[in-house]
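Me: Could you pick one part of this chain and take me through it closely? I'd like the surroundings as well, in plain bench language.

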Amino acid sequence: MEQVKLAPLRSMNDFLFETARFQIPQINDPEKWSNRVLNNLLYYQTNYFLTALLIFLVIGIIHPVQILLGFTALAICFGVFVYFTNTQNKAKRFKHDHPIFCVAAIIAAGYFVVYMFGAVLVFMFGIAFPMLLILIHASLRLRNFKNKVVNKMEYVGLKRTPMGLILEGLGQEQEAGS
């Protein structure tokens, strides 16, 4: 893998205040809107990562137990999913050999999910709310000349950044002319 460099933190004037220009995107032209969002994600990526981290930490400070319980519940669900998708035959055999334990486990898991639902919602809000704010900012923020030059460098591969790798992994490579 190429050397990955963290993009610089953009000034608050550029990100939100004096020199920032905002405009409602052209919703009837989804390609242009998508281009604006992707380019802003690349240019302001460090600001977006810090914003998401800050909001997640604030929600974690306000609801620390619920964040931890929500993370634990989701991690357990993910672990169970991975386990059962990798060992399906063993699970069928276990279910056949231990039916009473399986019924008790289902009841306990149901109780656990109902009990943890509030914590999971707080945890998901801690993730979804920053993503919503980032999407709104990336949609409304107009690009400037420096934004365009930096994005060209990212595309050509002169500079590899975390957001560039994430977008590339999601199949959202930018075209050189965008």
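Reply: Going along the sequence, the pattern is α-α-α-α-α-α-α-α. That makes eight helices and zero strands (DSSP runs numbered from the N terminus, H or I of at least four residues for helices, E of at least two for strands). Before zooming in, keep in mind that this is a predicted model, where local features need pLDDT of at least 70 and side-chain atom pairs count only at pLDDT 80 or more, while totals for chains, interfaces and linings use all residues. Residues are numbered from 1 along each chain as its sequence is written, and side-chain values use heavy atoms, with hydrogens and water left out.

The part I'd pick is Arg141, which sits in the loop between α6 and α7. Arg141 is one end of the one salt bridge in the structure (a side-chain nitrogen of Lys or Arg within 4 Å of a carboxyl oxygen of Asp or Glu). Its partner is Asp14, and the closest N and O atoms of the two are 2.8 Å apart. The pair ties together distant parts of the chain: Asp14 belongs to helix α1 (residues 12–15), Arg141 follows α6 (99–140) and precedes α7 (145–156), and 127 residues separate them.

Is this pair buried or exposed? Arg141 is buried, at 0% relative accessible area (buried is under 20%, exposed over 50%, partly exposed in between, with a 1.4 Å probe and protein chains only). Asp14 counts as buried too, at 10%.

Arg141 has a second polar link: its side chain makes a polar contact of 2.9 Å with that of Tyr44 (N or O atoms within 3.5 Å, one able to donate a hydrogen and the other to accept it; residues adjacent in sequence count only if both atoms are side-chain atoms). If you skip the neighbours within four places in sequence, Arg141 is in contact (heavy atoms within 4.5 Å) with Asp14, Phe15, Thr19, Ala20, Arg21, Phe22, Arg36, Asn40 and Tyr44.

Some of those names turn up again next door. Phe15 and Tyr44 are both members of the largest nonpolar core, a group of 12 residues (buried Ala, Val, Leu, Ile, Met, Phe, Trp, Tyr and Cys joined through side-chain atoms within 4.5 Å). Two or more of its residues come from each of α2 (30–43), α6 and α8 (162–169), and α2 is the top contributor with five. Another core, of five residues, lies apart from this one and includes Ile55, Ile59, Val122 and Phe123. In soluble globular proteins, nonpolar side chains tend to be buried together.

What about α2 itself? The buried residues of α2 are Arg36, Val37, Leu38, Asn39, Asn40, Leu41, Leu42 and Tyr43, and both Arg36 and Asn40 touch Arg141. The 14 residues of α2 should span 20 Å at 1.5 Å a residue (counting one less than the number of residues), and the end C-alpha atoms are 20 Å apart, so the two agree.

Further along is Thr46, in helix α3 (residues 45–62). Thr46 is buried at 8% relative accessible area, and its side chain reaches the backbone oxygen of Ala7 at 2.5 Å. Not counting residues up to four places away in sequence, Thr46 touches Leu6, Ala7, Pro8 and Leu9.

Stepping back to the whole chain, 29% of its 178 residues count as buried. Of the contacts between residues at least 6 apart in sequence, 82% join residues at least 24 apart.
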